[in-house]
Amino acid sequence: MTLSLVRELQALLATLYDAPVDQDVHDYLITDAAHAAALQERQEPLPTDEQLLLAETDDGVAIGLYVDRSVLERLSVHCPLRALNDDNLPDYCTALEGVSHFHYVTWSAGCDRRVSLLELELQAEVDKYASALSLMLAQREGRFPAELFRRLFEGASLLPHLDAAERSRYAEAHRCAARFCQRLEERFLRRRQARPAAMLAELRSFYRLGRHAKLRHAVQWS
C-alpha cells in the first residue's frame with residue numbers, strides 16, 4: 001500500500017476531472033530523499049517532503065515525482081482512502097500535491113499545452129480541496145465536512161526555505177484557490193439544495209481552462 005497509494009490518488013484525480021493519462025505515477029515515484037537530491041545535483045537533502053522533478057534531456061523532458069517514504073508509510077497505516085481526518089490530512093495533502101503536479105503536467109503535455117508554475121500550484125491547491133471533499137463526503141455518507149475549508153486555507157503557512165519569488169507565487173496560488181473553493185461551497189454545497197453534479201461540472205471546466213483564463217476565473221467567477 002505504501003507505494004500503490006500514489007497510483008490510487010492519481011486514479012482519484014483522473015476520475016474526478018475525467019482526465020486520464022497514459023503515464024502511471026507509480027512508475028515515476030522516488031521515495032528516497034538522497035536519491036531525489038542527487039538527481040537535482042544537490043549536496044543537501046531536498047527541503048520538502050514532495051517535489052516534481054523535471055530535467056531537460058536530448059529526447060525532451062524527463063520527469064519524476066519525489067514523495068518522502070515516511071509520508072507514504074504513515075499514510076499506509078492511516079489510509080486516507082478509508083478514513084480522511086485531522087490526523088492524516090497533512091500527509092494526505094503532501095502526497096496529493098505531488099500527484100497533482102505530476103498528473104496535471106502529463107495531462108497538459110498530452111493536450112499540447114504549456115503550464116506555468118503559478119498555474120501548477122493553483123491547480124494543486126484546488127485538487128487538494130476537491131479530492132479531500134470527495135473522499136470525506138463518501139466516507140461520511142454525504143455529510144458535508146464544514147471544517148475542511150478552514151483546515152486547508154485558513155491555517156496554512158508557507159515553508160521557511162522559499163525565496164521571495166516562490167513565496168509570492170505560492171501565496172497567490174493559495175489566495176486564488178481559496179476564493180474559488182469558497183465560492184464552490186457557497187454556490188453548490190451550502191444552499192438549501194446541494195448540487196454536487198453541477199459542482200463537478202464546474203471543477204472539470206476549471207481544470208481545462210488555459211493558464212491565464214484559470215487565474216482570471218479563480219478570482220472573478222461568481
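**Exercise 1. Locate E172 in the fold and classify its solvent exposure.**

Step 1: E172 lies in helix α7, where helices (H or I, at least four residues) and strands (E, at least two) are DSSP runs numbered from the N terminus.

Step 2: The relative accessibility of E172 is 29%, so this residue counts as partly exposed, given that buried means under 20% relative accessible area, exposed over 50%, and partly exposed in between (1.4 Å probe, protein chains only).

Step 3: E172 and E121 are separated by 51 residues in sequence, while their C-alpha atoms are 9.1 Å apart in space.

The model is predicted, with local features needing pLDDT of at least 70 and side-chain atom pairs counting only at pLDDT 80 or more, whereas totals for chains, interfaces and linings use all residues. Residues are numbered from 1 along each chain as its sequence is written, and side-chain values use heavy atoms, with hydrogens and water left out.

**Exercise 2. Describe the order of the secondary structure elements and the overall dimensions of the protein.**

Step 1: The protein contains nine helices and three strands, and along the sequence these follow the pattern α-β-α-β-β-α-α-α-α-α-α-α.

Step 2: The C-alpha trace spans about 55 × 40 × 35 Å along its principal axes.

Step 3: A compact globule of 222 residues would have a radius of gyration near 17 Å, and the protein, at 17 Å, agrees with this; the radius is taken over C-alpha atoms, and the globule rule is 2.2 Å times the number of residues to the power 0.38.

**Exercise 3. Identify the residues and elements that build the largest nonpolar core.**

Step 1: A nonpolar core is a set of buried Ala, Val, Leu, Ile, Met, Phe, Trp, Tyr and Cys residues joined through side-chain atoms within 4.5 Å. The largest one has 55 residues, and those with the most contacts inside it are Y17, Y92, V126, Y129 and F180.

Step 2: Among the elements that give two or more residues to this core are α1 (4-17), β3 (60-67), α5 (117-139) and α7 (164-189), while α4 gives the most, with 10 residues.

Step 3: A second, separate core of five residues includes I30, A36, L53 and Y66.

Step 4: Leaving aside neighbours within four places in sequence, Y92 is in contact (heavy atoms within 4.5 Å) with partners including L9, L12, L75, K128 and L135.

Step 5: Over the whole protein, 43% of the 222 residues are buried, and residues 24 or more positions apart account for 64% of the contacts with a separation of 6 or more.
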